[in-house]
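Reader: I'm new to this, so please pick a single part of this model and take a close look at it with me. Tell me who touches whom there, and then work outwards.

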Amino acid sequence: MNEFNVTFEPAKIEVLDREKFEEQINSIAQANSNRLVTVESMADDKKTRAELRKLSKSLNDEKIRIKKEYNQPLTEFEVWFKKAVAVLDQAISQIDSGIKDIEAEKKAERKKVVHELLVELTTDTEVDSRIFENFVDDWAKASNFNDIKPKKQLIDSITYVIDGEKQKIAEYKANKDTISNFCFGNNVSDTPYIRMLDSGKSVSEVMSAISEDVLFEKQRKEAEEKRKEAERQRQAELEKQQQEFETRKLEASFNSAASVSTEIIQSEPEKTKSSPDEEIAEVSGTEIVQKYRAVIEICFSSLEEKNKWKQVMVDNGFGDFKAKEFGKI
């Protein structure tokens with residue numbers, strides 16, 4: 001292609017009577033620069049402002065017209081040039097599209113190689129190759145390959161990342177075992193604390209949390225046991241007081257309902273049926289206890305009062321007491 005040759009003549013802009021124009025502008029400006037605006041002159045001041053704005057706009061419009069005429073040849077040239085080279089841009093775009101398609105196909109092949117490397121290097125390990133997907137585009141760059149054959153630096157890079165993940169898994173398992181064993185020793189579930197580890201907490205933070213929870217639970221149980229013991233003692237005291245109250249109530253009832261008179265009919269040693277001549281009875285071992293018989297006569301107003309009195313006597317330890325009914329008075 002021959003050279004692209006263009007000739008042009010620089011336009012010349014000449015202002016006629018330049019000095020006279022500047023003189024008039026300066027005169028108008030000076031005449032109004034020291035104008036003092038007052039309430040009385042407000043109407044004239046607004047009129048003067050409008051006239052000055054109108055003058056400034058007319059001068060600026062003339063400048064725009066001159067500039068447009070001055071740029072007309074350049075504008076026409078730019079329109080022609082854009083149309084003339086449009087076919088060249090179209091050809092470039094078509095070639096660029098083809099190149100990008102080929103590059104995309106080659107990159108897809110390189111990504112496939114990277115995926116195969118990941119699967120190969122993570123086989124028989126606990127590492128999931130899919131977790132490295134964010135690195136694949138960078139690893140699949142052309143600079144990491146000789147055509148579609150991976151360079152050693154790429155293999156080393158992938159191996160390094162996988163080894164790091166293996167170490168993380170080993171550390172996680174060790175930390176998990178530490179937490180589980182500590183929980184087992186303290187008789188608590190490890191589930192919530194494993195969740196803490198999974199959420200990103202360090203093993204020291206989790207162990208500290210376990211210790212705090214165990215101490216809190218121990219203190220809670222001790223406080224609960226103390227509360228229960230205090231409640232048992234309070235309940236026992238209430239029952240004792242209630243029993244004493246019921247006993248006093250019955251005794252008061254009997255004292256008010258019954259007229260009691262006692263008479264000692266016989267006060268002599270009780271003789272056993274098996275040996276009438278003996279006045280003593282052997283109770284246990286070598287201990288000899290003399291027995292006396294006493295007859296107490298009590299009068300009750302009703303059979304119900306008599307039965308209540310008998311029950312009180314039994315409740316208070318007079319288990320061998322026998323009452324004899326003599327009939328109504």
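Author: Contact here means heavy atoms within 4.5 Å. With that in hand, let's start at Ser-129. Leaving aside its neighbours within four places in sequence, Ser-129 is in contact with Leu-118, Val-119 and Thr-122. You'll find Ser-129 in the loop between α3 and α4 (133-139). The helices (H or I, at least four residues) and strands (E, at least two) are DSSP runs, numbered from the N terminus. Is Ser-129 buried or exposed? Its relative accessibility is 18%, so Ser-129 counts as buried. The cut-offs are under 20% relative accessible area for buried, over 50% for exposed and partly exposed in between, using a 1.4 Å probe and protein chains only.

A quick word on what you're looking at. This is a predicted model, where local features need pLDDT of at least 70 and side-chain atom pairs count only at pLDDT 80 or more, while totals for chains, interfaces and linings use all residues. Residues are numbered from 1 along each chain as its sequence is written, and side-chain values use heavy atoms, with hydrogens and water left out.

Now follow helix α3 itself, which covers residues 86-122. Its packing partner here is helix α5, residues 152-185: the two axes are 10 Å apart, at an angle of about 45 degrees. Axes are lines fitted to C-alpha atoms, for helices over the stretch in contact, and angles run from 0 to 180 degrees between N-to-C directions. So α3 and α5 are oblique to each other. As for the words, under 35 degrees is roughly parallel, over 145 is roughly antiparallel, 65 to 115 is roughly perpendicular, and the rest is oblique. The crossing of α3 past α5 is right-handed, meaning the near helix is turned clockwise from the far one by less than a right angle (anticlockwise would be left-handed).

Which residues meet there? From α3 come Val-114, Leu-117, Leu-118, Leu-121 and Thr-122, and they meet Leu-154, Ile-155, Ile-158, Thr-159 and Ile-162 of α5. By class, this contact of α3 with α5 has eight nonpolar and two polar residues, and no charged ones. Here Ala, Val, Leu, Ile, Met, Phe, Trp, Tyr, Cys and Pro count as nonpolar, Asp, Glu, Lys and Arg as charged, and the others, Gly among them, as polar. Leu-118 and Thr-122 should ring a bell, as both are in contact with Ser-129 too.

Another spot to find on α3 is Ala-108, which is partly exposed with a relative accessible area of 44%. The C-alpha atom of Ala-108 is separated by 8.2 Å from that of Ala-140, although the two are 32 residues apart along the chain.

Stay with α5, because there's a second helix to meet. The axes of α5 and helix α6 (residues 191-198) come within 10 Å and cross at roughly 155 degrees. That makes α5 roughly antiparallel to α6. Their crossing is right-handed. On the α5 side, the contact is made by Tyr-172, Asn-175, Lys-176, Ile-179, Ser-180 and Cys-183, and on the α6 side by Tyr-193, Ile-194, Leu-197 and Asp-198. Sorted by class, that gives six nonpolar, two polar and two charged residues.

Next, hop over to some rings. The structure holds four aromatic pairs. One of them is Phe-77 with Trp-80: the ring centres are 6.0 Å apart and the planes are at 35 degrees, so the pair is tilted. Rings of Phe, Tyr and Trp (its six-membered ring) pair if their centres lie within 6.5 Å, with planes under 30 degrees apart called stacked, over 60 edge-to-face and the rest tilted. Both residues lie in helix α2 (residues 42-84), three residues apart, about one turn of the helix. Phe-77 is partly exposed at 31% relative accessibility, and Trp-80 is partly exposed at 48%. Together with Phe-81, they form one aromatic cluster.

Finally, zoom out. The protein has eight helices and six strands, and of its 329 residues, 12% count as buried. Ser-129, where we began, is buried as well.
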